[in-house]
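This report concerns covalent and ionic side-chain contacts in a single structure. Please consult the sequence and coordinates shown here.

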Amino acid sequence: MRLLRTIEELTPARASGVCPPVVLAIGNFDGIHRGHRAVIRQTQTIAAELATEPSSEQAPPPEAWLLTFDPHPCHIVAPERCQPLLATRSQKEALLAATGLDVTVFMPFERATADLEPRAFMELLATQIPGLAAVVVGENWRFGRRAAGTVDTLKTLGSELGFAVHLTELTEWQGERVSSTRIRKAIAAGKMRDTAAMLERPHRVEGLVIKGRQQGRQQGFPTANISCETALLPPPGIYAVASPLEENGEQVVWGGAAYLNQNLVEAGIIEVHYFDRDENLYGRHFTVDILQQLRPDRTFEDMDKLVAQITRDVDEARAVFALR
C-alpha cells in the first residue's frame with residue numbers, strides 16, 4: 001500500500017500522464033470496524049470489475065484507494081464533543097495496509113477543509129485525484145460544510161464531474177448497526193468480546209512502560225504500568241490481555257492479566273502482569289490487546305484474600321489467552 005499524507009503528493013502522477021482509473025473509498029474510518037471493511041471490500045471489488053473491461057493496452061490497471069482525514073474532523077468542527085478514537089494514527093495505517101488497498105491518502109483536515117461546501121470538496125478531489133472513476137461511501141455518509149452533502153448530493157456531483165457513485169449498505173451485528181459510537185459504548189461497558197466482534201479484532205491500546213507503585217510485585221505478581229494517555233480504556237476491572245511483540249528477531253505474543261481502577265483509567269494507565277515474566281520493562285513500548293473482562297474491580301478485607309483472588313484471576317486469564 002502506498003501511503004500519501006496530502007492529496008498534493010499526487011501532482012507528479014498527474015504530470016506524468018500515467019494515471020490509473022481510481023475507485024475511491026471516503027470516510028473517517030475510526031477503528032476500521034466491520035462496516036468500514038465492507039466499504040473497503042466493495043471498493044476493491046469494483047476496481048477488480050473495472051479491470052475486466054476492455055481498455056487500451058497502455059492503460060494502467062484500476063486501483064482501489066481510500067481517503068480519510070487527519071485529524072478526525074470532530075477535533076476541528078466540535079472539539080468539545082470529541083470522543084477518544086478507537087485507533088491511533090499508526091494503528092490505523094497498519095490496519096489499512098493489511099486490507100490490500102493500493103493507496104491510502106490521509107488528507108489533512110483543517111478549518112478551511114471544514115468550510116468547504118459539498119461541491120467545492122468533491123471538485124477538489126476530482127481535480128487532485130487522477131483518473132477518479134468511482135467513489136464508494138456508506139449509505140448514510142455526509143460531507144461538506146455543516147455536513148450539508150448527502151448521498152443524493154454526491155450522486156448529482158458524480159454525474160457532473162464524471163465519476164460513478166456506489167453506496168455500501170450499513171453493516172449490522174446482532175440486529176443493530178455497527179458504528180464507532182456503538183463500539184465505544186461496548187468498551188465503556190467492559191464488553192470486550194462484543195467489541196472484538198464489531199472490530200473484527202480485539203481493542204488495542206499502546207504506550208511506554210513507566211514506573212508504578214510496585215504493589216503487584218509485593219503481592220507476588222509483578223506488573224508493567226503502560227501509559228496509554230490518548231487511548232480509550234475500558235472501565236475498572238480485571239482483564240485477560242495479549243501483547244504481540246518481537247523477541248530475539250521473532251514475532252511472539254505475551255499473555256497477561258491486566259488491572260484497572262478508576263485512578264488508572266483517568267490517568268490512562270493499564271497495569272499488566274505478564275505470565276512468567278519478571279524482567280525490567282521500563283521504557284519499552286508495548287501494545288495490549290484487551291481480550292475479555294474477567295470481573296469488575298472490588299476491594300478485599302485483607303491481603304491473603306486479595307492474593308488468592310489475584311491467583312484465580314491469573315489462572316482464568318491464562319485460559320482465555322490460550323483460547324484466543
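## The salt bridge of R2 and E63

R2 is partly exposed, at 44% relative accessibility, where buried means under 20% relative accessible area, exposed over 50% and partly exposed in between (1.4 Å probe, protein chains only). Its partner E63 is buried, at 15%. The two side chains meet in a salt bridge (3.4 Å, N to O), a term for a side-chain nitrogen of Lys or Arg within 4 Å of a carboxyl oxygen of Asp or Glu. This pair links distant parts of the chain, 61 residues apart: E63 lies in strand β3 (residues 63–70) and R2 in strand β1 (residues 2–4). Helices (H or I, at least four residues) and strands (E, at least two) are DSSP runs, numbered from the N terminus.

## Basis of the model

The model is predicted: local features need pLDDT of at least 70, side-chain atom pairs count only at pLDDT 80 or more, and totals for chains, interfaces and linings use all residues. Residues are numbered from 1 along each chain as its sequence is written, and side-chain values use heavy atoms, with hydrogens and water left out.

## Further salt bridges

A search of the whole structure finds 16 salt bridges. Among them, D30 pairs with R184, the closest N and O atoms being 2.9 Å apart. D30 is buried at 6%, and R184 is buried at 17%.

## Cysteines

One disulfide (a pair of cysteine sulfur atoms within 2.5 Å) is found in the whole structure. C74 and C82 form this disulfide, with their sulfur atoms 2.4 Å apart. The torsion about their S-S bond is about 130°, so the disulfide is right-handed.
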